[in-house]
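Have a look at the model below. A few questions and answers follow.

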Amino acid sequence: MKQLILMRKIRQASWIDLGLFLIITLLALAWLFVAGLPFVHMFLSAFKKQFEIYNNGVFAWPDGLYLDNFKAVLTGGFIRYLTNSIIVVLISLFLILFISAFAAYVFSRLKFRFRNPLYSIVVACMAIPIHVTLIPIYMMTQKIGLYDNIFALVGPYVAFNLPLSIFILTGFMMDIPSDIEESAEIDGCSKIMTFFRIILPLSLPGMATLGIYNSVNMWNEFSFALVLTQKASSRTLPLAIWEFQGQYTANITMIMTVLTLTALPMILAFIVGQDKLVKGMMVGAVKG
Amino acid sequence: MPTSVKRISPRQRSVIGTAALFLVPAFLVLGIFMFYSIYESFHLSFYDWNGVTIDKPFVGFDNWKTLSGDARFWQALLNNFKVVILSIVIQLPIGMLLAFFLDTVGKKANVFKVVWFLPLLMSSVAIGFLFKYVFDPVFGLVSPIAAWFGGGNVDLLGNPQVALFAVIMVICWQFIPFYMVYFLAGLSSLPIEVYEASIIDGATRARYFFAIALPMLRNTGINAVILSMVGSLKYFDLIYVMTEGGPSGSTELMATYMFKNAFNTMKMGYGSTIASAMFLIITLTSLITLKMMRQGGERG
């Protein structure tokens, strides 16, 4: 049956259609190869002994299930980077979601004179490149004594994820029908109470999507982490690769193990919640 | 209470109070880390300072004069624009075609979708290191593949002639999935009736795609161009990891040049000047593009 439909479809299609589809299918296969090969290389190399690459060539299957690389990396401080990353992302995420929900409530529900100009300022902040603020934030961090401490990352992370988060949540809250609040207000609910009792719970789906986007962003952040922290024990995962690279320069399989381990949490998250994650990642696409 | 004073109703007063209370955290954070930082960046650009000494000599526009004659900076800016143009020219069409493939094949192509999406999940740093080793002339993947075609060892990152293009290819590898999913969302948001009508009228799938779907996705495309442009102008992580701007400045971008000046050679003053120039260039370019796109949109 399926084949019959396919046959009919093919007969309907013109030669140009078929040609185009052929080209696109070839491109699709080529891209599958190009996108996948580096990952295959990364995973396979992680299970190889240091000299296997030299002796057997890069495309060879690993000689056996060799796990010493993983042991070395996991006992070599990797867990510390991982915990640092988790702590920074969780604290920052909590702050981002709360602060942006407060602001979004104001922009979507309250009417007052300077609302639109203030909102425009927030939206304009989305275009600010982080490198303009890198030196002043570095100086500030030094001055207040937070330098080389993971908590130094929280401030910049919150600041740079806030504008987009406010923008998205404002849009989300605008779509929440306002009649529930109106009846609550008639019953004597204050603005602050309506926010906590009604708007905040109804915004949770939007905040979840936003949370995914922000987490991925912060999980992978490099520039601030590089500038604001120095010792290995206060660095996050993206810097782990940096540190291990200094340690194992010539040991390619070890570096590949580190890369595999850093990529693993994201890939696992992707497998568990594919659609949610894709949706979350696309939140950033409104930036234009 | 004198009646001449304009009265604010208690209700309005409570609104303003709540607004102020709820906006304070956001604007406090933005104020410290964005507004003050940008001001401070411009401020520091008038000093010659290494960031450590108490003595911070004011040099007026000296840094800006140096910048205007700094060939390395202009090279970096040119490289930035090369990244912008090649990113748009390569990433958007491929992303579009891949999205078309997924849209046509549907659920059966899920394996493709998953593998294609993977690069977007990795950090730029990880991708940078991964490709540093993929491009390694001796132990990488490129040389053996070149050998199959009769080539010798290829050192893509060590050759100033091709290093930038090699790096741009990696950037495309990283971001094509983004535009793919972006266009896929656009394609599936088109009303199904339009597709049905065009098929009834005898259009083929290809004609539907090129003559109907593509023009309808015009705004999605414009957004993608702007996203890609702004992203490319501030690009940093991957290049810093892969080449640090080398060999001999061939892959230098504004951000890597700024970073190296400020944090490797500790020229905080001059680094701030580059950062401020970068801010001005990005703001200006975005404004001009936005305006041009808007006008084009009105005409079209």
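**Rings, charges and a buried loop**

K56(B) lies over the face of W49(B), 4.8 Å from the ring centre (a charge sits over a ring if NZ of Lys or CZ of Arg is within 6 Å of the ring centre and within 35 degrees of the ring normal). This is a predicted model, where local features need pLDDT of at least 70, side-chain atom pairs count only at pLDDT 80 or more, and totals for chains, interfaces and linings use all residues. Residues are numbered from 1 along each chain as its sequence is written, chains are lettered from A and ligands numbered from 1 in the order in which they are written, and side-chain values use heavy atoms, leaving out hydrogens and water.

Q: Over which other ring does the charged end of K56(B) sit?
A: Besides W49(B), there's a second ring for K56(B). At 5.1 Å from the ring centre, the partner is Y47(B).

Q: Are the rings of F100(B) and F209(B) stacked or edge-to-face?
A: Rings of Phe, Tyr and Trp (its six-membered ring) pair if their centres lie within 6.5 Å; planes under 30 degrees apart count as stacked, over 60 as edge-to-face and the rest as tilted. Here the centres are 3.9 Å apart and the planes at 20°, so the pair is stacked.

Q: Is N251(A) buried or exposed?
A: Buried means under 20% relative accessible area, exposed over 50%, partly exposed in between (1.4 Å probe, protein chains only). N251(A) has a relative accessible area of 11%, so this residue is buried.
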